[in-house]
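The following exercises are intended for a reader who meets this structure for the first time. Each one sets a task and then works through the solution in steps.

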Amino acid sequence: TGSTGSTGSTGSTGSTGSTGSTGSTGSTGSTGSTGSTGSTGSTGSTGSTGSTGSTGSTGSTSSTGNTGSTGSTGSTGSTGSTGSTGSTGSTGSTGSTGSTGSTGKTGSTGSTGSTGSTGSTGSTGSTGSTSSTGSTGSTGSTGSTGSTGSTGSTGSTGSTGSTGSTGSTGSTGSTGSTGSTGSTGSTGSTGNTGSTGADASTVISGTGSTNSIIVIKGGDIQYKDNSKGVVMKSANGQCWKLLIDNTGKITTQQVTCP
C-alpha cells in the first residue's frame, strides 16, 4: 500500500465578526428629593413718602347780596311834594375764599331809605328790607393723590437648599446583538496523493486496508464503508446520499449537506 499523504495545512482563521451594537442605555434613575426651601430674604427697605398732593382749587365766590328793596313812595300829600326814592341797599361783601369755601358773610343790611320829606300830610317811607344771606361758597375740590413711593429694593436671595439624594442606578441596558459570523477560512491545501499500491489502487483516505475509505482502481471508485457514499445536492438545495442494498438496488437517503 502507498504511504499516507501528508495532512493538508490548516485553513487560515476567519476574520473576526463585527462587534455587536451597543446595548440601549438603562432608564434614568428616579429624581432625588427636592432640597429644603431657602430662608426668606430680608424685607426690602420702605419706599420714600409720596409727594404732597396739590392744594385744592379755590372755593367759588359767594353770590352778591340782594339789592335792598326800593322804599315805598310816600303818599301824595294833598299838595305835598313826592318823597325821594330810597337809596339802593349797599352790595353785600364778597364771601371770603375758604379752602373748603367758608360761608359767605351775611350781606350788610341795606341802609334805611331816607324818610321822605314830610308832605303837608306825606307818610314816612317804609324801612328797606334786610338783604338775604349770601349763599355758602362751594367746597374746594379734593387735592390729587400723592405719587406712589418708589418700590423697596429686592431682599437678598435665600441660601440654596441642600442637594437632593442621588437617584437609584438605572437598570442595565439589554445585551447588544451578536456580531455577524466571520468569513469562512480558506480551504487547506489538498494533501499529497498516496503512493500507488501493489495492486495499482490509489488510496484517498485510510491505510489502504480495512481502514481505507475511498479506493480508486482502474478508473473504478470504491467506498470501503458501506455506510458511506456519494452525496449529491438537488435543485431545491437538499442533500441526498446514494446507497445500495444487498440486492444491488440503489436508494437515496436525505442527509445534512457536508
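**Exercise 1. The disulfide**

Task: determine where Cys-257 stands between buried and exposed, and describe the disulfide to which this residue belongs.

Solution. Begin with accessibility: Cys-257 is partly exposed, because its relative accessible area is 33%, where buried means under 20%, exposed over 50%, and partly exposed in between (1.4 Å probe, protein chains only). Its partner Cys-239 is buried, with a relative accessible area of 4%.

Next, consider the bond. The sulfur atoms of Cys-239 and Cys-257 are 1.9 Å apart and form a disulfide, a term that requires a pair of cysteine sulfur atoms within 2.5 Å. The link is right-handed, with 105° about the S-S bond. Cys-239 belongs to strand β5 (residues 239-244) and Cys-257 to the segment after β6 (250-255), so the pair, 18 residues apart, links distant parts of the chain; strands (E, at least two residues) and helices (H or I, at least four) are DSSP runs, numbered from the N terminus. Finally, a search of the whole structure finds one disulfide.

**Exercise 2. The model and its confidence**

Task: establish how far the model may be trusted and what its chain contains.

Solution. First, note the conventions. The model is predicted, so local features need pLDDT of at least 70 and side-chain atom pairs count only at pLDDT 80 or more, while totals for chains, interfaces and linings use all residues. Residues are numbered from 1 along each chain as its sequence is written, and side-chain values use heavy atoms, with hydrogens and water left out.

Second, read the confidence. The chain averages a pLDDT of 73, and 64% of the residues score at least 70; pLDDT is the predictor's confidence in each residue, from 0 to 100. Confidence is lowest in strand β1 (residues 201-205), with a mean of 59, and highest in strand β4 (residues 231-233), at 95. Where pLDDT is low, the predicted coordinates should not be read in detail.

Third, list the elements. The chain has zero helices and six strands. Of its 258 residues, 15% count as buried. Among contacts between residues at least 6 apart in sequence, 57% join residues at least 24 apart, a contact being heavy atoms within 4.5 Å.

**Exercise 3. A buried lysine**

Task: identify what surrounds the side chain of Lys-241.

Solution. Start with the position: Lys-241 is in strand β5. Then examine charge. Lys-241 is buried yet has no salt bridge, and the nearest side chain of opposite charge, Asp-225, is 8.3 Å away. Here Lys and Arg count as positive and Asp and Glu as negative, with His and the chain ends not counted; a salt bridge is a side-chain nitrogen of Lys or Arg within 4 Å of a carboxyl oxygen of Asp or Glu.

Now look for other polar atoms. A polar atom of the Lys-241 side chain lies 3.0 Å from the backbone oxygen of Ser-227. Beyond its neighbours within four places in sequence, Lys-241 is in contact with several residues, including Ser-227, Val-231, Thr-251 and Val-255.

**Exercise 4. Thr-251 and Asp-245**

Task: locate Thr-251 and Asp-245 and give the surroundings of each.

Solution. Take Thr-251 first. Thr-251 is found in strand β6 and is partly exposed, with a relative accessible area of 34%. Apart from its neighbours within four places in sequence, Thr-251 is in contact with Lys-241, Leu-242 and Leu-243. The C-alpha atoms of Thr-251 and Trp-240, eleven residues apart along the chain, are separated by 9.7 Å.

Turn then to Asp-245, in the loop between β5 and β6. Asp-245 is partly exposed, with a relative accessible area of 33%. Its side chain reaches the backbone nitrogen of Lys-249 at 2.8 Å. Asp-245 and Asn-226 are 19 residues apart in sequence and 9.3 Å apart in space, C-alpha to C-alpha.

Methods:
Polar contact = N/O pair within 3.5 Å; in protein donor to acceptor, adjacent residues only side chain to side chain.
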